[in-house]
Amino acid sequence: YFYSNETTPSWKKVNYNSVYKDIAGLLEDEDYDDGSYGPVFVRLAWHASGTYDKKTRTGGSDGGTIRHTAEAGHGANNGLEHARDRLEPLKKQYPNISYADLYTLAGVVAVQELGGPTVRWRPGREDKTEADCTPDGRLPDAAQGADHVRDIFYRMGFNDQEIAALVGAHALGRCHTSRSGFDGPWNASPTSFTNFFYTELLNSTWVPKKWNGPFQYVDKESGQFMMLPADMAFKKDSEFRKYVEKYAADQDAFFEDFAKAFSKLLELGVKFPEDAPVYEFKTLE
Ligand code: HEM
């Protein structure tokens, strides 16, 4: 038999530069949070990917399973429907893009358009069914410390330097009592990608927040900014702290290391087609 190979795979039928621009167009909304969907897009891309287990080679962004009720309903994923709903019209506009590619690309667009580094990204993830959802409990618990953070990220295949670089994304966005139970932004410019997670962590005095909610920290001076118990582990643990000091002092080093680690995160467990090109998208403005 002769097998014709002329069917173009769907991932090849998408103009990703055009999707990039359209995602960028969805970022701003003065009625949402601090005026941008960027932070919640970054969190969606990370939670879609951070389920990876290198031993069993399960989880990760491939499959786009975070859209299914089973996985969307994991406590750690509360609130991510805001990001998925915002992106849904683009899935209609570009029916050939997989949810897995759309959600990870949204994280890349958000990092870049909010002032962060260029993040290398490849297309070709394929969507899977609800049966491929990972069990609950693979994402980190913000109430815990360094040992737990290491357990979770070593399982994915990251080292201490990469973990310390990734958590710098907590310069963006805020905690919502209705989602995680925690409250407040990490700094005064939650819609700009900066090294402020590290500078704030080192330069402010963090005290327990006095409230009925879960244990967390607020800055002593204004009480407006926050740190999670898991964030504080990066100050207390001497190995993590080395990198916190480095990234606080050197924003370029942070940007370079974040870009590498974030790109790796979005690719964990993905079997890309051999001819999938690597994109380095140009930031719009
Ligand atoms: C928000 C925990 C690592 C990106 C949050 C929230 C929690 C949390 C509890 C608040 C969610 C809400 O109430 O809306 C953690 C823990 C981590 C971790 C325990 C591991 C130590 C990361 C990583 C990234 C990331 C690796 C990305 C590379 C974000 C962003 C937000 C966020 C951008 C803000 C979302 C928004 O404004 O809606 N994280 N996170 N986090 N996280 Fe993490």
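Start at the tail end: select phenylalanine 272, which sits in the segment after α11. Keep in mind that you're looking at a predicted model. Is this phenylalanine 272 side of things buried or exposed? Phenylalanine 272 has a relative accessible area of 14%, and because buried means under 20%, it counts as buried. Now show what surrounds it. Setting aside neighbours within four places in sequence, phenylalanine 272 is in contact with Arg122, Pro123, Arg125 and Glu267. For a sense of scale, pick asparagine 77 as well: 195 residues separate it from phenylalanine 272 along the chain, and their C-alpha atoms are 26 Å apart.

Next, zoom out and colour by domain. The protein chain splits into domain 1 (10-138 + 260-267) and domain 2 (146-259). In the contact between them, 32 residues come from domain 1 and 24 residues from domain 2. Draw a line between the two C-alpha centres and you'll get 22 Å.

Now for the largest pocket. Select Arg43, Trp46, His47, His170 and Leu228 to land in the right place: of the 39 residues lining the largest pocket, these are the closest to its centre. The volume of the largest pocket is about 900 Å³. Keep your domain colours on, as each of domain 1 (10-138 + 260-267) and domain 2 (146-259) gives at least three residues to the lining.

Which elements should you show as cartoon around the largest pocket, with at least two lining residues each? Go for α2 (38-49), α6 (146-156), α7 (160-166), β1 (174-175), α9 (229-236) and α11 (251-267). Spend a moment on α2, which provides the largest share of the lining, six residues. Then recolour the lining of the largest pocket by residue type: you should find 25 nonpolar, seven polar and seven charged residues.

Last stop: from β1, step along to histidine 176, found in the loop between β1 and β2 (184-185). Histidine 176 has 15% relative accessibility, so with the cut-off for buried at under 20%, it counts as buried. Show its side chain, and look for the polar atom that lies 3.5 Å from the backbone oxygen of arginine 174. What else does histidine 176 touch, if you skip residues up to four places away in sequence? Light up Asp33, Gly181 and Phe182, and you have the set.

Note on methods:
Residues are numbered from 1 along each chain as its sequence is written. This is a predicted model: local features need pLDDT of at least 70, side-chain atom pairs count only at pLDDT 80 or more; totals for chains, interfaces and linings use all residues. Side-chain values use heavy atoms; hydrogens and water are left out. On a 1 Å grid over the protein atoms alone, a cavity is a set of points where a 1.4 Å probe fits but cannot get out, and a pocket is an open set with protein on both sides within 12 Å along at least five of seven lines; lining residues have an atom within 4 Å of a point. Grid points are joined across faces, edges and corners, and a volume is the space filled by probe spheres set on the points. Helices (H or I, at least four residues) and strands (E, at least two) are DSSP runs, numbered from the N terminus. Ala, Val, Leu, Ile, Met, Phe, Trp, Tyr, Cys and Pro count as nonpolar, Asp, Glu, Lys and Arg as charged, and the others, Gly among them, as polar. Domain bounds come from an automatic or database domain assignment. Buried means under 20% relative accessible area, exposed over 50%, partly exposed in between (1.4 Å probe, protein chains only). A polar contact is a pair of N or O atoms within 3.5 Å; within protein, one must be able to donate a hydrogen and the other to accept it, and residues adjacent in sequence count only if both atoms are side-chain atoms. Contact means heavy atoms within 4.5 Å.
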